[in-house]
Every structure is written in C-alpha cells, then in structure tokens.
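Student: Could you take me through one part of this structure in detail, the place where the two domains meet?

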Amino acid sequence: MAGNISKHFYQAVANKTCADFHHPGKTCLQAVQESAVAGLFGSLKFYLPLCILPLLFKIKQWNEKKTWKEFLINYCRCVFSGFFITTTGFWVFCMSYKIFKGFYLPLSVCLPSSLGAVFCGIMPKKFVHIDGIGLFNMYIEFIIKQSKQKSIVWLRNSLVGATCLYSFFNSVMIYYLYKIRSNRFWFVNIGNELKAIKRIENDSGENIMNCGHETSCDEYLKKEFKNISLFAFGVSLFKLIFPRLSSIIKNPGNFMKNIFKKFDYGLLAFLIVSNGLFKFTFCRLNQYGKFSRDVNCLIAAFASSIGYVFYPRYIIFTMGITSIIEVLYKYIEHTYVTQNKELPEIMKFINRLPCSELLYMFSIGMTFQLRVIYPHLTNKFVHKMMSIGSGGRSDEVTKNYFKMMVGW
Ligand SMILES: [Zn+2]
Ligand SMILES: [Zn+2]
C-alpha cells in the first residue's frame with residue numbers, strides 16, 4: 001500500500017499549486033505570516049513539557065536560582081528554534097514550488113523541513129541530540145512497518161522474536177556502558193553500579209570481593225527498588241498527565257473517572273522489572289557467582305531484557321538499534337584513548353561533523369514527508385509533535401494532500 005501511495009504522489013499533485021497543498025484561498029505571504037504566528041504559539045506549547053521533564057529529575061535543586069534560570073534559558077532557546085524551524089519550513093515549501101515549478105519528492109516535502117531544521121542550532125545541544133535520535137527511531141519504525149520482507153513481517157508479529165532481538169540490544173548496551181563507565185541514558189540505569197565499581201577501584205583491592213555498596217546488599221537492593229518504583233511511577237504519571245493537560249483543566253471530573261483506565265501499567269512494569277532484575281541479578285552474581293564483574297553485568301543485562309514483554313513498543317525497540325551503534329562507537333573511541341593511541345582519520349573526521357544537527361535535519365525532513373504521505377505508518381508522536389509545533393498546520397497539509405489524492 002505504501003508503494004502505491006508513493007506512485008500516486010505525482011498523479012495527485014499534477015497541476016496543483018503550493019496554495020492547494022498548503023494554503024487554499026490565501027497568498028504565500030499570508031500563509032507564511034500565519035505559519036509564523038502558529039509556529040510561535042505551537043513552540044511555546046510543545047517545548048514546555050519537554051523542558052519541564054528534566055526539572056523533575058532535579059527536585060533537590062528546586063530551591064536554587066540556577067535551576068530555574070537554566071530552565072528559562074533552555075525553554076527560550078527551544079521556542080525560538082521551533083519558531084524558525086516551522087516558519088522557514090513552510091516558507092521554503094512555497095519557494096521550492098516556485099523554483100521547481102511543481103512538486104518533486106523529496107525536494108518539495110522533505111527538503112523544506114530539513115532546511116528549516118538548520119535552526120536547531122539555537123536549541124541546547126542535548127535536546128537536538130535526543131530529538132534527532134528520537135525522530136530517527138520513528139523513521140526506522142516506518143521502515144519496519146512498511147517492509148514486506150518475510151523476516152521483518154515475522155518480527156513485527158512475534159513478541160518472542162522481538163524480545164529476543166531486544167535482549168541482544170539491551171545486553172550489548174548495558175555491557176558496553178558498564179565497560180566504558182558511562183552513565184548515558186538507557187532504560188536500565190546503571191549510575192549506582194558505576195559509583196560502586198569506582199569505590200572498589202579506589203579501594204586498593206581490600207573490598208574487591210564485595211559489590212562496592214555503602215550498605216549491605218539487602219539494604220542496597222531495598223533502597224534501589226524503592227527509588228526505581230518511584231521513578232517509574234513518576235514517568236508513567238507524567239505520560240498520563242502532560243498530553244492531557246488542557247482537557248484536565250477543562251474537565252477534571254472526567255479525567256479522574258478514567259485515571260485508572262488511562263494509566264500506562266505496561267510502562268510502569270517495564271521500568272520496574274528491567275531495572276529491578278538487573279540490579280538484583282548483578283548484585284547476587286557479584287556476591288555468589290564465579291565470573292568476573294563484566295560477565296556478571298552481561299548476564300544481569302540479559303536477564304533484565306524480560307521487562308520488554310510488558311511494554312513491547314516500537315520506540316523501545318528502535319531505540320535499542322540506534323543506541324548500540326552510538327555506544328559501540330564510544331567504546332571503540334574509549335579503547336583508543338585508554339591505550340594512548342591516536343584515533344583513525346575517519347573517526348577524527350566523524351567527530352568534527354555536527355552529527356546531532358545533521359541527524360536532526362534529516363529526521364525532521366523525513367518524518368514530515370512520512371507524516372504527509374504515509375500518515376497511517378507514522379508514529380502517533382510524530383502526528384502530535386508536528387500538529388502542536390506547527391499549530392495544526394501540518395494536519396492541514398496532510399488533509400489537503402488527501403483531498404488531492406482522492407480528487408476532491
Ligand atoms: Zn505558497
Ligand atoms: Zn550487592
């Protein structure tokens with residue numbers, strides 16, 4: 001079906017103008033002005049929860065001025081960036097129609113968004129990195145959803161198959177994060193295990209047989225389990241409340257009535273089981289096992305993968321694919337640095353490239369094109385993100401394209 005839609009693109013847009021596609025009944029200038037206003041308000045709305053989320057992890061620093069100042073600066077940078085990305089995207093859309101005298105894939109749909117995304121440079125680098133990878137994951141999701149290859153079709157429908165593959169991603173990810181002592185974001189947080197190994201390494205070998213916790217293993221596990229549960233509950237609550245903020249304000253009674261139905265128990269179980277199993281297995285293996293800590297870490301990581309069955313979502317799976325590429329690259333880099341060797345030229349070149357920004361530009365362009373042409377195969381988050389960020393204009397473009405397709 002996806003292929004058919006693509007073939008029909010040129011048929012649908014033949015003899016159509018940028019007005020038919022983007023702004024029926026309005027001039028290009030009027031459309032760009034409207035996009036600018038919609039983009040500003042859309043960005044104010046879209047980036048608020050994204051900037052509030054990191055604040056939740058800094059609850060102990062809420063009394064410090066620095067925390068709020070950082071929040072405000074990050075929020076302003078994101079809003080300005082979002083405003084320029086949306087406005088430029090729609091402006092280049094009209095411009096490309098005028099320059100090329102028609103619509104061409106990917107020049108007319110993907111390229112304008114990608115060019116607009118140049119302004120991601122205004123955003124804090126961390127946001128560009130996370131958003132770029134997140135959107136790229138949704139592009140991989142599209143590839144998996146539309147593939148007709150037998151192995152991928154099987155994987156799409158098999159929870160056992162997807163869990164096995166996720167186990168591989170998850171184990172490799174945790175093992176190498178532990179090896180390079182990196183506390184990079186992953187669904188299983190190994191921050192305290194890294195602190196423990198540092199304690200052991202700084203302890204001149206006396207404590208080498210224990211786990212390196214400050215308290216007994218049982219006490220450590222109890223405390224960790226409590227913290228994991230609180231964190232998982234907080235994340236699930238955030239997922240429940242933020243997308244519904246406006247409807248909660250309008251009708252709090254209705255929200256309260258459905259609160260237990262809408263709560264994401266799968267996400268809660270995924271985070272608790274993955275983290276809990278890893279920490280428990282790692283601790284027990286270090287205490288009673290005969291293998292090295294690295295091997296114990298790999299076994300514990302593998303055991304923790306079972307958490308995936310509670311939340312078998314594309315976003316978790318695709319995150320595994322992109323994250324192991326990143327962590328393996330970091331591991332190779334780490335190996336060169338620890339052996340005091342010079343990095344190969346190709347790695348030096350890659351490190352000089354603005355990789356996060358390029359990935360962000362590519363992903364924004366591709367996901368916008370998919371949102372318009374293959375809306376049924378695009379992640380719902382892309383629909384929401386583009387709809388909120390552009391003040392509903394991306395939905396209009398999709399609707400107009402659909403009308404052109406069916407010949408209304
Ligand atoms: Zn136009
Ligand atoms: Zn222990």
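Tutor: Let's go through the domain boundary, with some background on the fold beforehand. This is a predicted model, where local features need pLDDT of at least 70, side-chain atom pairs count only at pLDDT 80 or more, and totals for chains, interfaces and linings use all residues. Residues are numbered from 1 along each chain as its sequence is written, and chains are lettered from A and ligands numbered from 1 in the order in which they are written.

The protein has 19 helices and 0 strands (DSSP runs numbered from the N terminus: H or I of at least four residues for helices, E of at least two for strands). Its C-alpha trace spans about 80 × 55 × 45 Å along the principal axes.

Now the split: domain 1 takes 1–157 + 354–408 and domain 2 takes 158–341, with bounds from an automatic or database domain assignment. Their centres, over C-alpha atoms, sit 30 Å apart. Where they meet, 13 residues of domain 1 are in contact with 13 of domain 2, contact being C-beta atoms, placed from the backbone, within 7 Å. On the domain 1 side, α3 (28–56), α6 (125–146) and α7 (150–157) each supply at least two residues. The most come from α6, with 6 residues. By type, that side has 9 nonpolar, 3 polar and 1 charged (nonpolar is Ala, Val, Leu, Ile, Met, Phe, Trp, Tyr, Cys and Pro; charged is Asp, Glu, Lys and Arg; polar is the others, Gly among them).

Notes
Two residues are in contact if their C-beta atoms, placed from the backbone, lie within 7 Å.
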